[in-house]
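Okay, thanks for coming, everyone. I'll put the structure up and then walk you through it piece by piece.

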Amino acid sequence: MLEEYNDILTVKDVQTILKIGKNSALDLIHEGDIEAFMIKGRWRILKSNLLSYIRHIK
């Protein structure tokens, strides 16, 4: 699943994968639903963390 994506995702990748807007993606990160970290002021998400979130909401 998600083989076409790098192991470290951007917020834009999360938006595309989940078919949600930027604010919704950031809300998921800020609320701790998707674990993420910042590099030089930009959010990054491990693909494994996003997959865990997807499995959890199913």
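**The core, and what sits around it**

So, let's start inside. This is a predicted model, and its largest nonpolar core has 15 residues, of which Val11, Val14, Ile17, Ile34, Ile45, Leu50 and Tyr53 touch the most other members. H1, H2 and H3 each put at least two residues into this core.

Take valine 14 as a way in. If you leave aside its neighbours within four places in sequence, valine 14 is in contact with Lys19, Ile20, Ala25, Ile34, Ile45 and Leu50.

Now helix H1, residues 11–18. Which residues of H1 are buried? They are Val11, Val14, Gln15 and Ile17, so please note that there's a glutamine in that list. And what covers them? The cover includes strand S1 at 8–10, helix H2 at 22–30, strand S3 at 42–46 and helix H3 at 47–57.

Let's look at H1 against H2. Two packed helices are described by the angle between their axes and the distance between the axes. Here the axes come within 9 Å and cross at roughly 105°. That falls in the window of 65 to 115 degrees, and H1 and H2 are therefore roughly perpendicular to each other. On the H1 side the contact is made by Val11, Val14, Gln15 and Leu18, and on the H2 side by Lys22, Ala25, Leu26, Leu28 and Ile29.

Next, the sheet. Strands of a sheet pair through backbone hydrogen bonds, either parallel or antiparallel. What we have is an open sheet of three strands in the order S1-S3-S2, and the pairing is antiparallel. S1 and S2, the latter at 37–39, stand at the edges with a single partner strand each, so one side of each has no neighbour in the sheet. On average, neighbouring strands are turned by 45° against each other, direction ignored.

Going pair by pair: S1 and S3 are joined in the antiparallel sense over three bridges, and there leucine 9 stands opposite isoleucine 45 of S3. S2 and S3 likewise pair antiparallel, over three bridges, with phenylalanine 37 opposite arginine 44 in S3. S2 and S3 also form a hairpin, with two residues between them. As for helix H3, it lies across S1 and S3 and runs at about 70° to S3.

Okay, backbone oddities. Most residues other than glycine have a negative phi, and there are some here that don't follow that. Lysine 40, in the loop between S2 and S3, has a positive phi near 50°. Is lysine 40 buried or exposed? At 83% relative accessibility, it counts as exposed, because the cut-off for exposed is over 50%.

Leucine 2 is another one: it isn't a glycine, yet its phi is positive, about 65°. Leucine 2 sits in the segment before S1. Its relative accessible area is 11%, so leucine 2 is buried. And just after H1, lysine 19 takes a positive phi of about 55°. You'll remember lysine 19 as one of the contacts of valine 14.

Now a residue I'd like you to zoom in on: lysine 47, in helix H3. Lysine 47 comes out at 11% relative accessibility, so it counts as buried, since buried means under 20%. What does lysine 47 touch, not counting residues up to four places away in sequence? The answer is Leu2, Glu3, Tyr5, Asn6, Asp7 and Leu9. So leucine 2, with its positive phi, turns up in that list. For the polar end, a polar atom of the lysine 47 side chain lies 3.0 Å from the backbone oxygen of tyrosine 5.

Last stop, histidine 56, also in helix H3. Histidine 56 is exposed, with a relative accessible area of 67%. How far apart are histidine 56 and aspartate 33 in space? C-alpha to C-alpha they are 9.7 Å apart, with their positions 23 residues apart in sequence.

That's the tour, so over to you for comments.

Technical notes. Residues numbered from 1 in each chain as written. Predicted model: local features only at pLDDT ≥ 70, side-chain atom pairs only at ≥ 80, totals over all residues. Heavy atoms only, no water. Buried < 20%, exposed > 50% of the residue type's maximum accessible area, 1.4 Å probe, protein only. Helix = DSSP H or I, 4+ residues; strand = E, 2+ residues; numbered from the N terminus. Contact = heavy atoms within 4.5 Å. Polar contact = N/O pair within 3.5 Å; in protein donor to acceptor, adjacent residues only side chain to side chain. Core = buried A, V, L, I, M, F, W, Y, C linked by side-chain atoms within 4.5 Å. Pairing = 2+ DSSP bridges. Axes fitted to C-alpha atoms, helices over the stretch in contact; angles between N-to-C directions. Parallel < 35°, antiparallel > 145°, perpendicular 65-115°, else oblique.
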